[in-house]
Amino acid sequence: MSRGPMLRTEHLNANYGMFQALFGINFSIERGEVVSLIGANGAGKSTLLRAIVGSVPVAAPSVLLDGEPVGGSAEIDQLSRGIALVPEGRRLFPSLTVEENLLLAAKNGRRGPWTPDRLYRELPALQKLRSRPATALSGGQQQLVAVGRALVTNPDFLLCDEISLGLSPVAVETVYELLGTVIEEGMAVILVEQNVRRALSSSSRYYCMLKGNVVLEGISKTADYARVSAAYFGD
Ligand SMILES: Nc1ncnc2c1ncn2[C@@H]1O[C@H](COP(=O)(O)OP(=O)(O)OP(=O)(O)O)[C@@H](O)[C@H]1O
């Protein structure tokens with residue numbers, strides 16, 4: 001049974017100064033759904049996520065949560081509405097410990113099942129690192145903290161920007177295992193993922209972006225890999 005689109009963008013434009021990065025994007029994700037964004041470097045995937053969470057300025061009616069215009073709100077307001085981003089490059093506070101990074105995020109978010117303690121239970125390896133500065137961790141460990149930091153705000157919508165980029169295969173598996181738990185519990189996830197096969201196998205629907213436009217969208221299970229690849233490269 002469809003619960004109707006809950007988070008969507010409507011004719012969403014976004015600019016960096018004079019440069020227009022998104023052109024009239026119509027995107028939607030229902031509660032509990034996993035949707036992937038596919039596209040080459042510079043296609044506008046990160047900008048779409050940033051526009052939704054409020055780190056790129058956009059017009060209020062171009063982002064809608066349960067039909068309410070929420071575009072252009074500050075990131076902290078989107079967090080309180082249950083929309084959280086795991087940014088590209090992780091962006092942990094380097095001077096803070098793992099635990100401090102998580103507690104700070106939790107304070108800015110909503111109450112719910114995800115707490116730093118729950119995260120440590122799911123990831124015992126992380127518990128051992130809780131007093132370490134975030135920068136003293138491996139890339140894979142940092143990525144778990146970055147995902148954890150978004151999780152402890154207890155979002156309904158978790159936006160993940162290239163969370164497997166630069167990680168070892170083992171680290172990628174651990175991050176995706178955590179994501180699997182989150183998805184099973186009903187959190188909706190938007191996945192920006194360079195690996196097209198992984199993007200399709202991890203999601204129920206996909207959007208393919210090129211030069212700030214959505215050029216293809218569909219059901220991941222029945223996606224034609226050749227067509228998606230062609231859209232990716234703009235052939
Ligand atoms: N802070 C910024 N200032 C100016 N232009 C930017 C900025 N961030 C991104 N852009 C430009 O906006 C366009 C879309 O970039 P975006 O990062 O959204 O693409 P992407 O699909 O996420 O690719 P990537 O995988 O490289 O992150 C690109 O042309 C990029 O150069």
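**Entry 1: getting started.** I count as helices the DSSP runs of H or I with at least four residues, and as strands the runs of E with at least two, numbering them from the N terminus. I also remind myself that this is a predicted model.

**Entry 2: the ligand.** Which element gives the largest share of the shell around the ligand? I looked, and α1 does, with three residues. Both α1 (45-53) and β2 (19-29) supply at least two residues of that shell. Around the ligand I listed Tyr-16, Phe-19, Ala-21, Gly-39, Asn-41, Gly-42, Ala-43, Gly-44, Lys-45, Ser-46, Thr-47 and Glu-88. Sorted by class, the shell has six polar, four nonpolar and two charged residues.

**Entry 3: helix α1.** Next I asked how many residues of α1 are buried. The count is nine of nine, so I noted the helix as mostly covered. Lys-45, Ser-46 and Thr-47 are among these buried residues, and they also belong to the ligand's surroundings. Just after α1, I found Gly-54 with a positive phi of about 95°.

I picked Ala-51, which lies in α1, for a closer look. Why does Ala-51 count as buried? It has 26 C-beta neighbours inside 10 Å, and the cut-off for buried is 20 or more. Leaving out neighbours within four places in sequence, I see Ala-51 in contact with Leu-12, Ala-14, Leu-22, Val-56, Val-58 and Val-63. I also checked Ala-51 against Gly-82: they are 31 residues apart in sequence, and their C-alpha atoms are 15 Å apart in space.

**Entry 4: the sheet.** I traced an open sheet of six strands in the order β6-β7-β8-β3-β9-β10, and its pairing is mixed. At its edges stand β6 (83-86) and β10 (213-219); each has a single partner strand, so one side of each is left without a neighbour in the sheet. On average, neighbouring strands here are turned by 15° against each other, ignoring direction.

The mixed pairing is nice to see in two examples. Strand β7 (residues 157-161) pairs with β8 (residues 188-192) in the parallel sense, over five bridges. There, Phe-157 has Ala-188 as its bridge partner in β8. By contrast, β9 (residues 205-210) and β10 run antiparallel and are joined by six bridges. Tyr-207 stands opposite Glu-217 of β10. The hairpin of β9 and β10 has two residues between the strands, and Lys-211 in this hairpin takes a positive phi near 45°.

**Entry 5: the core.** In soluble globular proteins, nonpolar side chains tend to be buried together. I therefore looked for nonpolar cores, and the largest has 67 residues. Those with the most contacts inside it are Val-147, Leu-158, Leu-159, Cys-160, Val-189 and Ile-190. Helix α6 (residues 139-151) provides the largest share of this core, six residues. I followed Cys-160 and found that it touches Val-86, Val-189, Ile-190, Leu-191 and Val-192, not counting residues up to four places away in sequence.

**Entry 6: two unusual phi angles.** Asp-66 is not a glycine, yet its phi is positive, about 50°. I located Asp-66 in the loop between β4 (63-65) and β5 (68-69). Glu-162, also not a glycine, has a positive phi of about 50°, and its place is the loop between β7 and α7 (169-184).

Which of these two is buried, and which is partly exposed? Asp-66 has 13 C-beta neighbours inside 10 Å, so I call it partly exposed. Glu-162 has 21 and therefore counts as buried.

Definitions and conventions: Residues numbered from 1 in each chain as written. Predicted model: local features only at pLDDT ≥ 70, side-chain atom pairs only at ≥ 80, totals over all residues. Pairing = 2+ DSSP bridges. Axes fitted to C-alpha atoms, helices over the stretch in contact; angles between N-to-C directions. Near = placed C-beta within 6 Å. Nonpolar A, V, L, I, M, F, W, Y, C, P; charged D, E, K, R; others polar. Core = buried A, V, L, I, M, F, W, Y, C linked by C-beta atoms within 7 Å. Buried ≥ 20, exposed ≤ 12 C-beta atoms within 10 Å, placed from the backbone. Contact = placed C-beta atoms within 7 Å.
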